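Work through the exercises below with the model open. Try each task before reading its solution.

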Amino acid sequence: AEELGEEETRAHALNNVASSLMFSGRGGGEPFMEESLAIALKHGFHEQAARAYTNYSGYAIVTKNFALAERLLSEGIAFDSEHDLDSWTYYLVGRQAQLRMDQGRLREAQSIARGVLAMEHQTLVMKLPSLSVLSTVHARLGEDDAGELLQRSLKDALATGEPQHIMPVRISRAEAA
């Protein structure tokens, strides 16, 4: 991509490599993700920038780097909103709900997740972070509908076939049990 001057392909590839390194625990992925994001922003590759904000903020949340997560979510939500990337926006807002839950701010997480789930015309994948958070928060708060929400979350997560959606719900169900 570098040789051919294909900057969008380069941004995409850097994101892939960065995500692989970061989520495998091998380290060293952050500079690649920063470069991917910088290229996307510089050249106006909106989808690539949204993808970088999404993957990087997800990593920051999982690793409990809350300051980085706050920054990336704030920047990412603003960027996605400014460029009418609604599905990416709702996904990041769902991740913001996850961050609030992980910070122990359960009522805030609940409110954010409910807001996202109330939005119409979203794909299943865009709603999953919010649904997962809402079901976990309801379980932690002892809400009557927690079991039903956890079951719905698992069903929807399984429909994706993607471990990043399935595992959090399975962990929440184990926690609730």
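The model is a predicted one.

**Exercise 1. Place Ser 57.**
Find the element that holds Ser 57, and decide whether Ser 57 is buried or exposed.

Solution.
Step 1. Locate the residue: Ser 57 sits in helix H3, which spans residues 46-62.
Step 2. Check the accessible area. Its relative value for Ser 57 is 0%. The cut-off for buried is under 20%, so Ser 57 is buried.
Step 3. Follow the side chain. It reaches the backbone oxygen of Tyr 53, with 2.7 Å between them.
Step 4. List the neighbours, leaving aside those within four places in sequence. Ser 57 is in contact with Ala 52, Leu 72, Leu 73 and Leu 92.

**Exercise 2. Map the largest nonpolar core.**
Which residues touch the most other members of the largest nonpolar core, and which element gives the most to it?

Solution.
Step 1. Take the core as a whole: it has 42 residues, and Tyr 56 and Val 133 touch the most other members.
Step 2. Name the elements that give two or more residues to this core. They are helix H1 (7-24), helix H2 (30-43), H3, helix H4 (66-82), helix H5 (86-102), helix H6 (106-118) and helix H7 (124-141).
Step 3. Pick out the main contributor. H3 gives the most to this core, with eight residues.
Step 4. Look around Tyr 56. Not counting residues up to four places away in sequence, Tyr 56 touches Met 22, Glu 30, Met 33, Glu 34, Leu 68 and Leu 72.

**Exercise 3. Describe the two largest pockets.**
For the largest pocket, state the volume, the number of lining residues and the element with the largest share of the lining. Then do likewise for the second largest pocket, giving its space, its lining residues and the main supplier of its lining.

Solution.
Step 1. Start with the largest pocket. Its volume is about 470 Å³.
Step 2. Go to its lining of 20 residues: Phe 23, Tyr 91, Arg 95, Gln 164 and His 165 lie nearest the centre.
Step 3. Assign the lining to elements. At least two residues each come from H1, H3, H5, H7 and helix H9 (163-176). H9 supplies the largest share, six residues.
Step 4. Sort the lining of the largest pocket by type: ten nonpolar, eight polar and two charged.
Step 5. Turn to the second largest pocket, with about 280 Å³ of space. Its lining has 18 residues, and Gln 98, Met 101, Ser 132, Pro 168 and Ser 172 are the closest to its centre.
Step 6. Assign this second lining. H5, H7 and H9 each supply at least two residues. The largest share, seven residues, comes from H9.
Step 7. Sort the lining of the second largest pocket: eight nonpolar, six polar and four charged.

**Exercise 4. Check two loop residues.**
Where do Lys 64 and Asp 84 lie, and what is the phi of Lys 64 and of Asp 84?

Solution.
Step 1. Place Lys 64 in the loop between H3 and H4.
Step 2. Read its backbone. Lys 64 is not a glycine, yet has a positive phi of about 60°.
Step 3. Classify Lys 64. Its relative accessible area is 47%, so Lys 64 is partly exposed.
Step 4. Place Asp 84 in the loop between H4 and H5.
Step 5. Asp 84, not a glycine either, has a positive phi of about 55°.
Step 6. Classify Asp 84. Its relative accessible area is 63%, so Asp 84 is exposed.

Key: Residues are numbered from 1 along each chain as its sequence is written. This is a predicted model: local features need pLDDT of at least 70, side-chain atom pairs count only at pLDDT 80 or more; totals for chains, interfaces and linings use all residues. Side-chain values use heavy atoms; hydrogens and water are left out. Helices (H or I, at least four residues) and strands (E, at least two) are DSSP runs, numbered from the N terminus. Buried means under 20% relative accessible area, exposed over 50%, partly exposed in between (1.4 Å probe, protein chains only). A polar contact is a pair of N or O atoms within 3.5 Å; within protein, one must be able to donate a hydrogen and the other to accept it, and residues adjacent in sequence count only if both atoms are side-chain atoms. Contact means heavy atoms within 4.5 Å. A nonpolar core is a set of buried Ala, Val, Leu, Ile, Met, Phe, Trp, Tyr and Cys residues joined through side-chain atoms within 4.5 Å. On a 1 Å grid over the protein atoms alone, a cavity is a set of points where a 1.4 Å probe fits but cannot get out, and a pocket is an open set with protein on both sides within 12 Å along at least five of seven lines; lining residues have an atom within 4 Å of a point. Grid points are joined across faces, edges and corners, and a volume is the space filled by probe spheres set on the points. Ala, Val, Leu, Ile, Met, Phe, Trp, Tyr, Cys and Pro count as nonpolar, Asp, Glu, Lys and Arg as charged, and the others, Gly among them, as polar.
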